[in-house]
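User: Could you take a close look at the second largest pocket for me? I'd like to know what lines it and how the rest of the chain is put together around it.

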Amino acid sequence: MSTVVAFHAHPDDEVILTGGTLAKAAAAGHRVIVVTATDGRMDSGDDRTRLDELLTSTGILGAHRTECLGYADSGYGPDFYPDPPGRVRFGRADVEEAAQRLAAILRSEDAQLLLSYQANGGYGHRDHVQVHHVGKRAAELAGTPRVLEATMPRELLRRISDLCTLLRLPSPYDPDVLGDAYAPAASITHRVDVRTFVGQKRDAVAAHRSQLGTGFAARVYGALLRVPSPILGAIFRHEWFVDPAATPGPLRDNIFDNGNSGGPAPSHLG
């Protein structure tokens, strides 16, 4: 059995891109660790709501350990918010210092695999971009042998955006972001089938109640709750990753498959 550390920017990110994959790895007997860079707070208050939601979410996914590096959320937009008193926003944190914090966890767990983000941070959020830089450096410091970057096919997002436009619904991403968001399908190396674990993923999303609000996102989730799991699994069947050290080829369903000539790991893993 192996140990995988999933490094994310904020509480709730662990579900969106990797929730099914983490649940699948945990169910197969692997040790699953979730680390967030921030606690999701924009100010200096002591509200633990988002961290408590994170712990509930990772518990649903089967994670064995959950950690937060303690940085403040940088927010999304063209300008940085000022740092809260006594705290640093992750987007402007010192990469080496943050990487040392993450590397200490990687070493303590003897992690064989780190899940991180691509250089574009998926859709350009400064905290997500910083996850890429910090994750890459931490893996170097800790000697973690493999890094996979969580992503989605850019072409799929464009189709979803077009469908939202047709149905007169809000698109999940601004049109000016879609041109270079996430990754082109041809560059993706791993496509993990998570349909058996979509119920856990749905429940883990629900744990982040403070982020659902009462608007459109809450209405969409309310509708998803009423969809039978087999149908939901068909809709949200896959999660995707890019191995920056591998040449794209046949898609692998196992995050622990590095494509070496020794053959893939057993198909029930990852």
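Analyst: Let's start with the whole chain, keeping in mind that this is a predicted model. The chain has eleven helices and seven strands. Its radius of gyration comes out at 18 Å, close to the 18 Å that the globule rule gives for 270 residues, so the chain is as compact as a globular protein of that length. If you'd rather think in box dimensions, the C-alpha trace spans about 50 × 45 × 35 Å along its principal axes.

Now for the pocket you asked about. The second largest pocket has a volume of about 250 Å³. It is lined by 15 residues, and the closest to its centre are Lys 136, Arg 146, Val 147, Pro 244 and Ala 245. Which elements build that lining? Strand 4 (113-117), helix 5 (126-142) and strand 5 (146-151) each put in at least two residues. Helix 5 gives the most, with five residues. As for chemistry, the lining is a mix: six residues are nonpolar, four are polar and five are charged.

Moving on to the surface, there's a nonpolar patch made of Leu 163, Leu 166, Leu 167 and Leu 169, and together these leucines have about 400 Å² of accessible area. One of them, Leu 167, sits in the loop between helix 6 (154-166) and helix 7 (175-178).

Finally, the charged contacts. The structure holds 17 salt bridges. One of them pairs the side chains of Arg 50 and Asp 12, at 3.6 Å from N to O. Arg 50 belongs to helix 3 (residues 49-61), while Asp 12 is in the loop between strand 1 (3-8) and helix 1 (13-16), so this pair ties together parts that are 38 residues apart in sequence.

Technical notes. Residues are numbered from 1 along each chain as its sequence is written. This is a predicted model: local features need pLDDT of at least 70, side-chain atom pairs count only at pLDDT 80 or more; totals for chains, interfaces and linings use all residues. Side-chain values use heavy atoms; hydrogens and water are left out. On a 1 Å grid over the protein atoms alone, a cavity is a set of points where a 1.4 Å probe fits but cannot get out, and a pocket is an open set with protein on both sides within 12 Å along at least five of seven lines; lining residues have an atom within 4 Å of a point. Grid points are joined across faces, edges and corners, and a volume is the space filled by probe spheres set on the points. Helices (H or I, at least four residues) and strands (E, at least two) are DSSP runs, numbered from the N terminus. Ala, Val, Leu, Ile, Met, Phe, Trp, Tyr, Cys and Pro count as nonpolar, Asp, Glu, Lys and Arg as charged, and the others, Gly among them, as polar. Patches are made of residues with over 30% relative accessible area and no salt bridge: like charges are joined within 9 Å, nonpolar side chains (Val, Leu, Ile, Met, Phe, Trp, Tyr) within 5 Å. Accessible areas come from the Shrake-Rupley method with a 1.4 Å probe; for residues, only the protein chains shown count as cover. A salt bridge is a side-chain nitrogen of Lys or Arg within 4 Å of a carboxyl oxygen of Asp or Glu. The radius of gyration is taken over C-alpha atoms; the globule rule is 2.2 Å times the number of residues to the power 0.38.
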